[in-house]
Amino acid sequence: MARIFMKGCEAIAEAAVRAGCRFFAGYPITPQNEIPEYLARRMPEVGGVFVQGESEIASVSMVYGAASAGCRSMTSSSSPGIALKSEGISYCASARVPMVYANISRGGPGVGSIQPAQMDYLQATKASGNGGFEMLVFAPASAQEAADMTYEAFDYADRDRNPVLILCDGVVGTLMEPVELPEMKTDEEVARIKNAKKPWACIGHGSDYATRAWIQPGQWSTVTQQRENEKAAALYESWRRNDTRAEEYLTDDAEVIIAAYGISARVSKTVVDILRAQGKKIGLIRPITVHPFPFESFKKLDYARVKAVLDVEMAIPALMAQDVEKGVGDRAPVHTCLCSGGNIMKKEHVLTAAEKLFLLVK
Amino acid sequence: METNLLVAGFGGQGVMMLGKLLSHAACDSAQKNVTFFPSYGAEQRGGTANCYVVISDDAIGVPVGDVMDDLIVMNGPSLNKFIGALKPGGRLFVNSSIVREEIKRNDVSVIKAPVTELSLKLGNPKVLNVIMLGVYIGRTNIVDEAVVEEVIVRQLGKKAELIPLNREAFHAGLEIGKGR
Amino acid sequence: MEKIYARTKGLRPGVVGGFCPGCMHSTVMKLIGEVLEEMNLFERAVCVLGIGCCGLHMDYISFDNITAPHGRACAVATGIKRSNPASLVFTYQGDGDIAAIGLGESVSAANRGENISVVFVNNGIYGMTGGQMAPTTLMGMRASTAPAGRSAKEHGYPMHISEILDKLTAPAYIERTSCNNPQNTLKTKKAIQKIFQNQLDGKGFSMVEIVASCPTNWGMDAIDALDYINENMLPEYPLGVIRASGGLDNGD
């Protein structure tokens, strides 16, 4: 298959089109402008719609509308813009409207820095809006994964009738590298997806109360609201069993484990290779779904052997470390190797931290 | 085999394009992995611009490294800012038309090319980056020069009349790089 | 015997709306149901409901509807209409929704000449939340968040959304009506027909602003509320066609 040299953001945009996404609304913010710019060109070529909304809030509301009409729909932004979108995301989750969105994350809090960071971990995995909803959250570590995960995300969104988040740090979003793009769905397939039996889709169903479509982001009745919450909770629980994904790299005999996702995991993997070449027993656990978090990968480790865990992330204070600690428990100490502010995780930084752990372990 | 390259200059010198052309060519070469990472200031014009290119036979773990095998500097401030990142024995490519600063390292090999002057001689100041790409390829042969030339024609050939100019610029650079 | 009047199919049979006595929301939705029925549009109709008392309609109407986040109705309608142009999409919003929290979405959709219809019910106060001040609250009118009444110094002046949108080039049609008497109610129905027909004709953003009562939060009975509309609301919000044709009528 042909390799195309493209940015992570462009890979996300093209993969969305190939997955049958035919509606995108977004608002400019660095470093994700390549997604709306790409789709402003691309959508008209495939009979899709691109709208530059007047704000992030309006853009996600447009996606809520388009997705409620049965169309595969997407929005994207970067950290502060994603915060604004939380209203619409929560509505989609509450009304069980399938949609996909990408956060090409940058430094924070506030306006933060325009350079890459992983400061949105808790927002992405714990509380992307009000009301305690959950989402599948994928964290790509390369442009290839960004494309593949975006493509799949639409299937998951449709399967679950729920938003899916692509949490992509600004390095992976702006990095260019070769990508083998997923297959383009034909116009017939796209039409089939759109017209698939979606009795809930607001496209006009006549004047019968029993069969009308009704997109309801809330309930008047406390009884039905609790029932909806329980149904959603059962769905979230099924993800923990079936959809949690992690890469476990050289963990079988490892005495030190690095935990990292996105670009930090990629840098950490290089460090693992360097230390392995020196005979040091080190491995990597990379959450691919940061939600649900792969707790099992940490729980099943043999702690008679694993002496320490190193959490590597581009966030200060450490954020994912909270989940890593939950997975590890008191069976091993969890150390951190951190940077933030738009500084990109350095190989030497991780190497030094890992070597120090080996000294402590001895 | 992995090569880390940093290209640095100011906005408008085609620094990003130089890195992208090289990366595209590496992508077109079977079996090579390549990453390109741009780093801009917030300004739209006149700020600093630099990009990191990694070309490797294996998967690339670190697209933005600290230690560079090769460094291309298109202006003086970039030399001072990044010379320390070049590994001992690394290769330094300098736009000698405008870089007047002293090179305070004697453990690196220096390839000087007056690409600003040469571009003016060729009649278009914009091709200085293509000349420098030629210099880099001529010296390192990191990607086959024919593949690079194809990429230049493909990426910069939207205006057909510019194709001969860009070819000429690339070849002028190759000659310098090969030490002729 | 000839049947000369029947409840519109647009309203759910056998269900009595939970609106307060004298509230005009039920009147306006009845008119909308009748127009959809007469124009044979139920198979295509999607109603985007605003937050507040507007949202109560979700359970009383019999056709497709979606509740928008507060103020975002015009953006939600944009998404539905653009992704499915065959549908007839209209928003149903109150003054807090369209003029306060949703001012940006409303102005922007109007400015894009979005091919949607907007039904804006202006009763000068927040209803469901309990009588707080709205951008359209009249001078001196008491509200739970302006207990001494609206004052220019503290709150500025009543906002005229129809006139503000009329400053834009794209909107196709803007009319202000009321339901305070049978004649005006019939005019309101005609205006609803007009804004739906405009959408079918692809003319772009069309809106009817309906000056309505909120007896409960105005602190008066239904009859006095009608007088209050005549004596206080209509001088501030005069009725009539504000915009007769739009910039997109020229086909560009």
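## Sheet, interface and core in a predicted model

In this predicted model, A:Ile258 stands opposite A:Leu310, a residue of strand E14 of chain A. That pair belongs to the connection between strand E11 (residues 256–259) and strand E14 (residues 308–313) of chain A, two strands that run parallel and are joined by 4 bridges.

The wider setting is an open sheet of 5 strands in chain A, arranged in the order E10-E12-E11-E14-E15, and its pairing is mixed. At the edges are strand E10 (246–249) and strand E15 (334–338) of chain A, each of which pairs on one side only. From one strand to the next, the twist averages 20°. Two helices of chain A pack on this sheet, as the table sets out.

| Helix of chain A | Strands of chain A touched | Angle between directions |
|---|---|---|
| H12 (residues 321–328) | E11, E14 and E15 | about 160° with E15(A) |
| H13 (residues 347–361) | E11, E12 (282–287), E14 and E15 | about 165° with E14(A) |

Turning to the contact between chains A and C, 37 residues of chain A and 31 residues of chain C take part. On the side of chain A that touches chain C, at least two residues each are supplied by strand E2 (23–26), strand E3 (49–52), helix H3 (56–68), helix H4 (79–95) and strand E9 (214–215) of chain A. Helix H3 of chain A gives the most to this side, with 9 residues. Sorted by class, the side of chain A that touches chain C has 20 nonpolar, 12 polar and 5 charged residues.

Strand pairing also links these two chains: E9 of chain A is joined by 2 bridges to strand E2 (residues 65–67) of chain C, and the two strands run parallel. Here A:Trp214 stands opposite C:Asn65, which lies in E2 of chain C.

The largest nonpolar core has 249 residues, and the members that touch the most other members are A:Ile12, A:Ile166, B:Ile131, B:Met132, C:Val48 and C:Val119. Because domain 1 (4–195) and domain 2 (247–361) of chain A both give residues to this core, it lies between them. For C:Val119, when residues up to four places away in sequence are not counted, the residues touched are C:Val28, C:Ile32, C:Phe90, C:Thr91, C:Tyr92, C:Ile192, C:Val208 and C:Ile210.

Note on methods:
Residues are numbered from 1 along each chain as its sequence is written. Chains are lettered from A and ligands numbered from 1 in the order in which they are written. This is a predicted model: local features need pLDDT of at least 70, side-chain atom pairs count only at pLDDT 80 or more; totals for chains, interfaces and linings use all residues. Two strands pair if DSSP finds at least two bridges between them. Axes are lines fitted to C-alpha atoms, for helices over the stretch in contact, and angles run from 0 to 180 degrees between N-to-C directions. Two residues are in contact if their C-beta atoms, placed from the backbone, lie within 7 Å. Ala, Val, Leu, Ile, Met, Phe, Trp, Tyr, Cys and Pro count as nonpolar, Asp, Glu, Lys and Arg as charged, and the others, Gly among them, as polar. A nonpolar core is a set of buried Ala, Val, Leu, Ile, Met, Phe, Trp, Tyr and Cys residues joined through C-beta atoms within 7 Å. A residue is buried if 20 or more other C-beta atoms lie within 10 Å of its own, exposed if 12 or fewer, and partly exposed in between; C-beta atoms are placed from the backbone. Domain bounds come from an automatic or database domain assignment.
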